[in-house]
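Trainee: I would like a close look at one part, the strand pairing, and at the side chains that go with it. Please give me the cut-offs as you go, and take it in one connected account.

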Amino acid sequence: MSLPKITRLPSVRLLSSIHHSHHQQLLLPSTTPLTVPRRTVIQNEYRRPGQPKENKFPWQKINFNFSKGLEGIKKHFTLLKQEFSDNLVGPEGKTLVEHMLEQNRVIWEFRGPENLEQWTLSSDREIGGQSEVYLKLGRNNNTCLLYGNLNSTPPRDGETRYSGYCTMRSKKQLASFDRQKHYDWSSFNILHLRVRGDGRPWMINIAAETYFSHQKDDIYNYFLYTRGGPYWQEVKIPFSKFFLTHRGRIQDDQHCLWLDKINSIGFTLGDKVDGPFQLEIDYIGVCKDHAHTEDFAYEVYKRNPEV
């Protein structure tokens, strides 16, 4: 005795027989999901539109020079000797009492050409723009003068729509054998600057060590408003006021700055006002203000909230 064959109806016909006709009119056609840039995706280094990719192996960029290698060995062993001697004295070569009672510390000052070598300059010329930025010592070799010309005209490459920025950024500290070294500002809570500008607003950028690789472009920012005129101004900004950004975009998930793992600090001008600019800096330091008790000035999402 043969069993009757059971034919399975297509899912579309089955759904059409169950749902009413007016329900089908409410169904929208299938669309592709929106692609939103996420920070979890590892982003490559910036490459100017139209520029070919550099197809070189990592070892092809190394300069195998014997004399340069001897100079590097001498330099790194000197730094290693200094590290051992500083650790015997105390934190960063200071006694423990001096380290605990320290209230002010000058991190960067400009008293000679060797101080300018600790900084790097960049502008929109890297993407085909027309802005110019320069750095030199001020009068009497006691300050640094950051000056140039801002131009917000975008390059004619067919892809770049915005332009017009100039940046001055400090180089990362390196220990012996090119090991990364961080600034430890955990004993302080205020950024102290002595500057003289031309009335333009600047952006202060602080880069700290990150935990994940996709966070390498995370930077903490705050604003520096210069008065202009011949008089100096002392600016004190609490570290709790700095907010987190990623490639120029303010992040919803904010968290405090890691003051014990500071990598660099920078100054960026991008106010879309074409013309010359200048910013003179005397020193950049940190201080401790016991009257300031704020931990973080912005809303922080609580992870795993209590029910």
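Mentor: Happy to! Helices (H or I, at least four residues) and strands (E, at least two) are DSSP runs, numbered from the N terminus. By that count the protein has five helices and 15 strands. Keep in mind that this is a predicted model, in which local features need pLDDT of at least 70 and side-chain atom pairs count only at pLDDT 80 or more, while totals for chains, interfaces and linings use all residues. Residues are numbered from 1 along each chain as its sequence is written, and side-chain values use heavy atoms, with hydrogens and water left out.

Let us begin with the sheet. Two strands pair if DSSP finds at least two bridges between them. On that basis there is an open sheet of seven strands, in the order 2-5-14-9-10-12-13, with antiparallel pairing. Its edges are strand 2 (119-123) and strand 13 (249-250), each of which pairs on one side only.

Strand 10 (residues 218-225) is a good place to zoom in. On one side, six bridges pair strand 10 with strand 9 (residues 201-208) in the antiparallel sense. Within that pairing, isoleucine 204 has tyrosine 222 as its bridge partner, and isoleucine 206 has tyrosine 220. Strand 10 is also joined by four bridges to strand 12 (residues 243-246), again running antiparallel. There tyrosine 220 stands opposite leucine 244, so you can follow a path through tyrosine 220 from isoleucine 206 to leucine 244.

Tyrosine 222 leads us to the rings. Rings of Phe, Tyr and Trp (its six-membered ring) pair if their centres lie within 6.5 Å; planes under 30 degrees apart count as stacked, over 60 as edge-to-face and the rest as tilted. The structure holds 17 aromatic pairs. One of them is edge-to-face: the ring centres of tryptophan 108 and tryptophan 185 are 6.2 Å apart, and the planes meet at 85°. This pair links distant parts of the chain, 77 residues apart: tryptophan 108 lies in strand 1 (residues 104-109), and tryptophan 185 in the loop between strand 7 (180-181) and strand 8 (190-197).

For accessibility, buried means under 20% relative accessible area, exposed over 50% and partly exposed in between (1.4 Å probe, protein chains only). Tryptophan 108 counts as buried because its relative accessibility is 2%, and tryptophan 185 is buried at 0%. Back in strand 10, tyrosine 222 and phenylalanine 223 form a tilted aromatic pair, with 5.8 Å from centre to centre and 50° between the planes. Here the rings belong to partly exposed residues: tyrosine 222 has a relative accessibility of 24%, and phenylalanine 223 has 33%.

Now move along the sheet to serine 170, which sits in strand 5 (residues 166-170). Serine 170 is buried, with a relative accessible area of 3%. Contact means heavy atoms within 4.5 Å. Leaving out residues up to four places away in sequence, serine 170 touches Trp108, Gln118, Trp119, Ser264 and Ile265. That brings us back to tryptophan 108, the buried ring from the edge-to-face pair. The C-alpha atoms of serine 170 and leucine 116 are 9.3 Å apart, although 54 residues separate the two along the chain. Across the protein, residues 24 or more positions apart account for 74% of the contacts with a separation of 6 or more.

Next, look at the loop between strand 3 (132-137) and strand 4 (144-150), where asparagine 140 is found. Phi of asparagine 140 is near 60°, a positive value in a residue other than glycine. Asparagine 141 lies in that loop too, and its phi is near 55°, also positive. Asparagine 140 counts as exposed at 68% relative accessibility, whereas asparagine 141 is partly exposed at 42%.

One more ring deserves a look. A charge sits over a ring if NZ of Lys or CZ of Arg is within 6 Å of the ring centre and within 35 degrees of the ring normal. Lysine 136 meets this with its charged end 5.2 Å from the centre of the tyrosine 147 ring.

Finally, step back to the whole chain. Of its 307 residues, 32% are buried. The accessible surface comes to about 22,200 Å², with 54% of it belonging to carbon and sulfur atoms; these areas come from the Shrake-Rupley method with a 1.4 Å probe, and for residues only the protein chains shown count as cover.
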